[in-house]
Amino acid sequence: MTISLGAGISGAVYQLSCRNQQGKAFVGIHFDQSREDMYRSFCLHKSLITKKVHPNIVMENRSLRVYFELYAYLFDTMAEIKDVLEKFIQFFSPYLDGSVERLPEDLPGEAGEERNNKGLQGKVVEGIMQIDKEWLRSSMIDPRLAEILLEEVTDEREFLAK
């Protein structure tokens, strides 16, 4: 099953799956034909994206994705999906919503740094993450799964205790 989340503009969606047909989990962003120019623009900056989002990014079929092997516990796979999705949102959202017009050769800071930084990118990401949290809680997704997606538990024993 693949979950698609709007990326803030028509023709672009974030996608995530805890197990695809090949038995791998993935996180990505997909562009439809109307946004092919945007997809090609991002492809020209693969080295920057691999540095800021994830070193194993795959660019194909108008999608930018990160695939990874499943963990022994579903919770660990979901935690990895959450972490990678957060990096995708942090990196791509300013370009998708138009607050930043083009990709520079390099960006200050690191993707994955504290979201509450006071720069424009941090504020955009905070807003999007809040909307996503509200959507997950109000959607038709099982509430327990939504809470797992929203919460970051680093100690497996704490998770199992719940």
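## Helix H3 and Lys82

Lys82 sits in helix H3, in what is a predicted model. Is Lys82 buried or exposed? Its relative accessible area comes out at 17%, and because the cut-off for buried is under 20%, Lys82 counts as buried. The side chain of Lys82 has a polar contact to the side chain of Asp83, at 3.3 Å.

The surroundings of H3 fit that picture. Of its 23 residues, 17 are buried, so the helix is largely enclosed by the rest of the structure. H3 covers residues 74–96 and lies across E1, E2, E3, E4 and E5. Its direction is at about 15° to E3. From first C-alpha to last, H3 reaches 31 Å, close to the 33 Å expected at 1.5 Å a residue.

Where does H3 kink? Look at Gln90: there is a kink of about 30° there, shortly before the proline Pro94. Just past the helix, H3 is followed by Gly98, which has a positive phi near 85°.

## The sheet

Now for the strands. Five of them make an open sheet, ordered E1-E2-E3-E5-E4, with antiparallel pairing. At the edges are strand E1 (3–6) and strand E4 (57–60), each of which pairs on one side only. From one strand to the next, the twist averages 20°. As a general point, strands of a sheet pair through backbone hydrogen bonds, either parallel or antiparallel.

How many bridges join each pair of strands? E1 and E2 share four, E2 and E3 share six, and E3 (residues 24–31) and E5 (residues 63–69) share seven. Some individual partners are worth clicking on: Leu5 has Tyr14 in E2 as its bridge partner, Val13 stands opposite His30 in E3, and Gly28 stands opposite Arg65 in E5.

H3 has company on the sheet. Helix H1 (residues 36–43) lies across E3, E4 and E5, and runs at about 140° to E4.

## Two hairpins, two glycines

The hairpin of E1 and E2 has five residues between the strands, and there Gly8 takes a positive phi near 100°. The hairpin of E2 and E3 has six residues between the strands, with Gly23 taking a positive phi near 80°.

Gly8, in the loop between E1 and E2, is exposed, at a relative accessible area of 69%. The cut-off for exposed is over 50%, which is why Gly8 gets that label at 69%. Which residue far along the sequence comes within 7.6 Å of Gly8, C-alpha to C-alpha? That would be Ser93, 85 residues away in sequence.

## Gln15 in strand E2

Strand E2 (residues 12–17) is home to Gln15. Five of the six residues of E2 are buried, so the strand is largely enclosed by the rest of the structure. Gln15 is buried as well, with a relative accessible area of 12%.

What does the side chain of Gln15 make a polar contact with? The partner is the side chain of Arg65, at 2.6 Å. Leaving aside residues up to four places away in sequence, Gln15 touches Thr2, Ile3, Ser4, Phe26, Val27, Gly28, His30 and Arg65. Two residues in that list have already come up together: Gly28 and Arg65 stand opposite each other, with Arg65 in E5.

How values were computed: Residues are numbered from 1 along each chain as its sequence is written. This is a predicted model: local features need pLDDT of at least 70, side-chain atom pairs count only at pLDDT 80 or more; totals for chains, interfaces and linings use all residues. Side-chain values use heavy atoms; hydrogens and water are left out. Buried means under 20% relative accessible area, exposed over 50%, partly exposed in between (1.4 Å probe, protein chains only). A polar contact is a pair of N or O atoms within 3.5 Å; within protein, one must be able to donate a hydrogen and the other to accept it, and residues adjacent in sequence count only if both atoms are side-chain atoms. Contact means heavy atoms within 4.5 Å. Two strands pair if DSSP finds at least two bridges between them. Axes are lines fitted to C-alpha atoms, for helices over the stretch in contact, and angles run from 0 to 180 degrees between N-to-C directions. The expected span of a helix is 1.5 Å times one less than its number of residues. The bend at a residue is the angle between axes fitted to the seven residues ending there and the seven starting there.
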